[in-house]
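Subject: A structure for you to look at

Hi there,

Here is the structure I promised to pass on. Please open it and have a look around before you read my notes.

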Amino acid sequence: METEESFDAEASFDDPSCLSPQSPGTTSPARRQNKEREIRETKITINCVTFPVSSSSLTPEQQLLKPDEWSYCDYFWADKRDPQGATVTGFEVLLQKQLKGKQMQKEMAEIKIEEEYAKNLSKLSMFPMAAQEEGTLGEAWGHLKKSLADEAEVHLKFSSKLQSEVEKPLLNFRGDNFKKDMKKYDHHIADLRKQLVSRYAGVEKARKALADRQKDLEVKTQQLEIKLSNKTEEDIKKARRKSTQAGDDLMRCVDLYNQSQSKWFEEMVTTSMELEKLEVERIEMIQQHLRQYTTLRHETDMFSQSTLEPVDHLLQSVDPAKDRELWVKEHKTGDLRPVDMDI
């Protein structure tokens with residue numbers, strides 16, 4: 001992340017001496033350099049946003065806005081790098097969270113397995129598999145196939161309720177206007193950030209102009225003192241007026257920068273808390289409908305269990321000896337056994 005250290009009016013205005021209308025242009029170059037050095041020790045400008053240096057970050061004005069809540073408005077002020085190396089603002093990270101959340105709920109809504117499962121059970125129950133099985137085992141097998149049809153009906157009903165009570169609400173939550181709203185947030189904060197960048201460029205330009213004017217004044221003053229130039233005192237006064245004007249311009253530019261940063265700060269707090277509220281609503285909505293899913297699932301499991309209870313009872317009654325008796329009685333060919341032949 002590119003780091004630029006700069007003069008900052010906020011620190012200057014904290015100094016009681018700056019409550020007077022004294023312009024930076026009336027300050028000697030050495031004194032101004034000392035003042036800028038003091039500011040660099042307490043504040044730093046990163047990507048045109050001014051922050052306190054880490055050693056001075058525990059000041060009262062740096063207290064968390066919402067302590068112990070891990071609120072969005074406290075943790076997304078700086079920029080970061082994405083895996084491709086591009087700069088991503090903290091606000092863009094929050095927007096990406098919202099858009100990913102929309103995609104996640106869409107994926108959660110696509111629960112098609114129940115409908116497919118029910119259709120496959122129904123097909124399975126209609127296949128003439130082992131239809132000629134006889135006896136107590138044949139009776140149990142027949143009831144098992146019937147239970148497949150009953151369970152298929154239960155799962156079809158479950159799938160229908162799932163679609164109306166879980167899938168559709170998830171899909172319809174925050175429709176097409178949601179992305180448009182997110183773009184409005186994005187453009188609004190981005191415009192404020194662009195204005196801040198522009199104001200910062202103005203500060204840098206004004207500071208350079210002041211340095212040039214003060215250097216010019218210093219050179220002319222030295223030339224006059226050592227008689228290397230025939231410049232009159234009037235020329236010195238003119239150079240001093242230009243230096244003072246450049247200092248006034250710098251103060252004005254810094255004031256505009258601070259106003260822009262203050263506006264960006266306020267909108268960041270307001271908008272990030274709005275996004276936080278939207279995320280809470282999304283999570284609570286999904287929680288509610290997933291609870292509805294588990295309720296429907298419990299009901300389905302109970303119905304499925306009821307279709308298996310008769311099958312369990314019949315399977316316990318399967319008797320190989322009884323089945324053999326029934327089969328022999330129906331299919332026997334004779335009970336007289338062979339004997340020896342007589343001569």
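Below is what turned up, in three short parts. Please keep in mind that this is a predicted model.

The core: The largest nonpolar core holds 27 residues, and those touching the most other members are Phe91, Met182, Val203, Leu250, Trp264, Met268 and Leu275. Helices H3 (72-75), H4 (90-109), H7 (177-225) and H8 (233-316) each give it two or more residues. H8 provides the largest share, with 10 residues. Another core, of 9 residues, lies apart from this one and includes Ala109, Val166, Phe173 and Met285. If you click on Phe91, you will find that its contacts beyond four places in sequence are Phe76, Tyr185, Asp186, Ile189, Met268, Thr271 and Leu275.

The aromatic rings: There are 5 aromatic pairs in the whole structure. In one of them, the ring centres of Trp77 and Trp264 are 5.7 Å apart with planes at 75°, so this pair is edge-to-face. Trp77 sits in the loop between H3 and strand E4 (80-81), while Trp264 belongs to helix H8, 187 residues apart. Trp77 also pairs with Phe265: their centres are 4.9 Å apart and their planes at 15°, so the two rings are stacked. Together, Trp77, Trp264 and Phe265 make one aromatic cluster. Are its members buried or exposed? Trp77 and Trp264 are both buried, whereas Phe265 counts as partly exposed because its relative accessibility is 38%.

Helix H6: This helix (residues 135-172) spans 54 Å from first C-alpha to last, close to the expected 56 Å. H6 bends by about 40° at Gln163. Just after H6, Arg174 has a positive phi of about 60°.

Enjoy exploring!

Definitions and conventions. Residues are numbered from 1 along each chain as its sequence is written. This is a predicted model: local features need pLDDT of at least 70, side-chain atom pairs count only at pLDDT 80 or more; totals for chains, interfaces and linings use all residues. Side-chain values use heavy atoms; hydrogens and water are left out. A nonpolar core is a set of buried Ala, Val, Leu, Ile, Met, Phe, Trp, Tyr and Cys residues joined through side-chain atoms within 4.5 Å. Buried means under 20% relative accessible area, exposed over 50%, partly exposed in between (1.4 Å probe, protein chains only). Helices (H or I, at least four residues) and strands (E, at least two) are DSSP runs, numbered from the N terminus. Contact means heavy atoms within 4.5 Å. The expected span of a helix is 1.5 Å times one less than its number of residues. The bend at a residue is the angle between axes fitted to the seven residues ending there and the seven starting there. Rings of Phe, Tyr and Trp (its six-membered ring) pair if their centres lie within 6.5 Å; planes under 30 degrees apart count as stacked, over 60 as edge-to-face and the rest as tilted.
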